[in-house]
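Open the model in your viewer and keep the selection panel at hand. The tour goes stop by stop.

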Amino acid sequence: MSWKFLRDLLSGVNKYSTGIGRMWVAVVFILRLLVYVVAAENIWKYEHDEFECNIKQPGCENVCFDHFFPVSHIRLWALQLIMVSTPSLLVVFHVAYRENREKHHNQKLYKNPGEIDGGLLYTYLISLILKTGFEIVFLVLFYKLYNGFQVPRLVKCDIRPCPSTVDCYISKPTEKMIFLRFLVATSCLCIVLNLSEMSYLVFKYFIKCYWKRHVKKCQ
Amino acid sequence: MDWGALHTILGGVNKHSTSIGKIWLTVLFIFRIMILVVAAERVWGDEQDDFICNTLQPGCKNVCYDHFFPISHIRLWALQLIFVSTPALLVAMHVAYRRHEKKRQFRKGDQKCEYKDIEEIRKQRFHIEGSLWWTYTSSIFFRLVFEAVFMYAFYFMYDGFRMPRLMKCNAWPCPNTVDCFVSRPTEKTVFTIFMIAVSSICILLNVAELCYLLTKFFLRRSKKVGNPKHHPNHENKEETKQNEMNELISDSCQNTVIGFSS
């Protein structure tokens, strides 16, 4: 089990997406997943080993690291990627349900089971709302946990068993901060794409409804 | 998800590229991505562990390393390669959109559509003309911009492309100016110069491709202008000849008629 699974999942979703949806998939693949795997993971690889406190007291380093990094940036990033990609499964399930129904009744019930209309439109909109919601939740979590996307060079720690206020040094803080800000930027880009896609679908639906009513009136 | 996935995504674009574009893609994958993965990553693999400062002061090494390497070479290269590859996706999206339109036409049963089946549409290679030319040219332009920006960032951050053996650091909490030694500086310098050289070759290939596309565009335009459907002088000469022939024919006819009648 690896990121390949997520990649295959998103490729499957791509078939039933709008143009903006496909752009979203491309951004998630290339600017988030690929950057995570080839660059970001290695920065945080030895974060605990390289976290150094100015004290020889055993246990002090462990306790301080745990206090300042309850959940490591990189794990939060991975969780965010997974949670943000999963709502797209709703659309896949709905299309599979439609195809199954057609097979069961042995007749053509839908013009095209993959077309975004009727119930599938609502499912798609719900998946977009969930995706945006998860993005915002994780951004807020990052902000609250790490004091506004900062990674300081030095943190002061005075938790037992540290005998006094001890200086602890984080490894590669600038590089971590650059990638953290990159993560935030791509997250925001994905939120913008999701909101545009929602507006586009809602607008398209209203135009269709209005047009149908207009045609009916003329008749 | 790794560089192999990027190769799959960009491989599709290769079909619709010019020959220079294909060479560029090959150089990108063999001389940059592959070198990064199989060699450069090993060289920089132990960078912070083997970065040694001449002090026992805890935290001094961390702070000095962070000061001299705000972002590691290897990460900067990885970002550069990702950003430089992304504009090709614009072309892939445009081609996918065209294919989608043709499939829609085919399904509607449009008589204008000249394909026999959907498989043919899927396999078709689009020529770089019309709006696809603009997308392709913009993608090359963006590639050039990204390459230039990253090369400048390298030069600016690391004061040239050389990796020094020794760096002097006096950032707090280092007690005084402390000597810090970088691991494998010569090997790192060699790889840095290699990557910069290949980057420059890619920039040249992109510039050549841009010139080629522009030349092709202007040649095509001048051909359209120089090949008119109706040339007035030429037409007048033809008309005059035809008129003369008609007169000859009518004269000979009259003579024949007169001949018969008499």
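In which sense do strand 1 and strand 3 of chain A pair, and over how many bridges? Select residues 52–53, which are strand 1, together with strand 3 of chain A: the pairing is antiparallel, over 2 bridges. Bear in mind throughout that this is a predicted model.

**Stop 1: the strands of chain A**

Stay with strand 3 of chain A, residues 166–169. A:Y169 in this strand has A:E52 opposite. Now add strand 2 of chain A, residues 154–157. Strand 2 pairs with strand 3 in the antiparallel sense too, here over 4 bridges. At this pairing, A:C157 stands opposite A:V166.

Show the side chains of strand 3. A:V166 and A:C168 point one way, and A:D167 and A:Y169 point the other. Buried or exposed? All four of these residues are buried.

**Stop 2: chain A as a whole**

Zoom out and colour chain A by secondary structure. You should find 8 helices and 3 strands. Along the sequence the pattern runs α-α-α-β-α-α-α-α-β-β-α.

Next, look at the overall dimensions. Along the principal axes, the C-alpha atoms of chain A fill a box of roughly 85 × 35 × 25 Å. The radius of gyration of chain A is 23 Å, while a compact globule of 219 residues would have one near 17 Å.

Switch on the surface. Chain A exposes about 11,800 Å² of accessible surface, and 62% of that belongs to carbon and sulfur atoms. Of the 219 residues in chain A, 47% are buried. For a contact map, count the contacts in chain A with a separation of 6 or more: 75% of them join residues 24 or more positions apart.

**Stop 3: aromatic rings in chain A**

Select every Phe, Tyr and Trp. Over all chains, the structure holds 26 aromatic pairs. Take A:F142 and A:Y146 from this set: the ring centres are 6.4 Å apart and the planes meet at 45 degrees, so the pair is tilted. A:F142 has 0% relative accessibility and counts as buried. A:Y146, at 6%, counts as buried as well.

Move on to A:Y143 and A:F149. Which geometry does this pair have? The centres lie 5.5 Å apart and the planes stand at 70 degrees, so the pair is edge-to-face. A:F149 is buried, at 17% relative accessible area. A:Y143 counts as partly exposed, at 49% relative accessibility.

**Stop 4: charges over rings**

Select A:W24 and A:K131. The charged end of A:K131 sits over the ring of A:W24, 3.8 Å from the ring centre. Then go to chain B and select B:W24 with B:R143. Here the charged end of B:R143 sits over the ring of B:W24, 3.8 Å from its centre.

**Stop 5: chain B**

Select B:W44, B:F51, B:Y65, B:F69, B:W77, B:F154 and B:Y158. They form one aromatic cluster.

Finish at the sheet of chain B. It is an open sheet of 3 strands in the order 1-3-2, with antiparallel pairing. Which strands stand at the edges? They are strand 1 (52–53) and strand 2 (166–169), each with a single partner strand, so one side of each has no neighbour in the sheet. Now select strand 3 of chain B, residues 178–181. Strand 1 pairs with strand 3 over 2 bridges, in the antiparallel sense. Look for B:C53, which stands opposite B:C180 in strand 3 of chain B.

Definitions and conventions
Residues are numbered from 1 along each chain as its sequence is written. Chains are lettered from A and ligands numbered from 1 in the order in which they are written. This is a predicted model: local features need pLDDT of at least 70, side-chain atom pairs count only at pLDDT 80 or more; totals for chains, interfaces and linings use all residues. Side-chain values use heavy atoms; hydrogens and water are left out. Rings of Phe, Tyr and Trp (its six-membered ring) pair if their centres lie within 6.5 Å; planes under 30 degrees apart count as stacked, over 60 as edge-to-face and the rest as tilted. Buried means under 20% relative accessible area, exposed over 50%, partly exposed in between (1.4 Å probe, protein chains only). A charge sits over a ring if NZ of Lys or CZ of Arg is within 6 Å of the ring centre and within 35 degrees of the ring normal. The radius of gyration is taken over C-alpha atoms; the globule rule is 2.2 Å times the number of residues to the power 0.38. Contact means heavy atoms within 4.5 Å. Accessible areas come from the Shrake-Rupley method with a 1.4 Å probe; for residues, only the protein chains shown count as cover. Two strands pair if DSSP finds at least two bridges between them.
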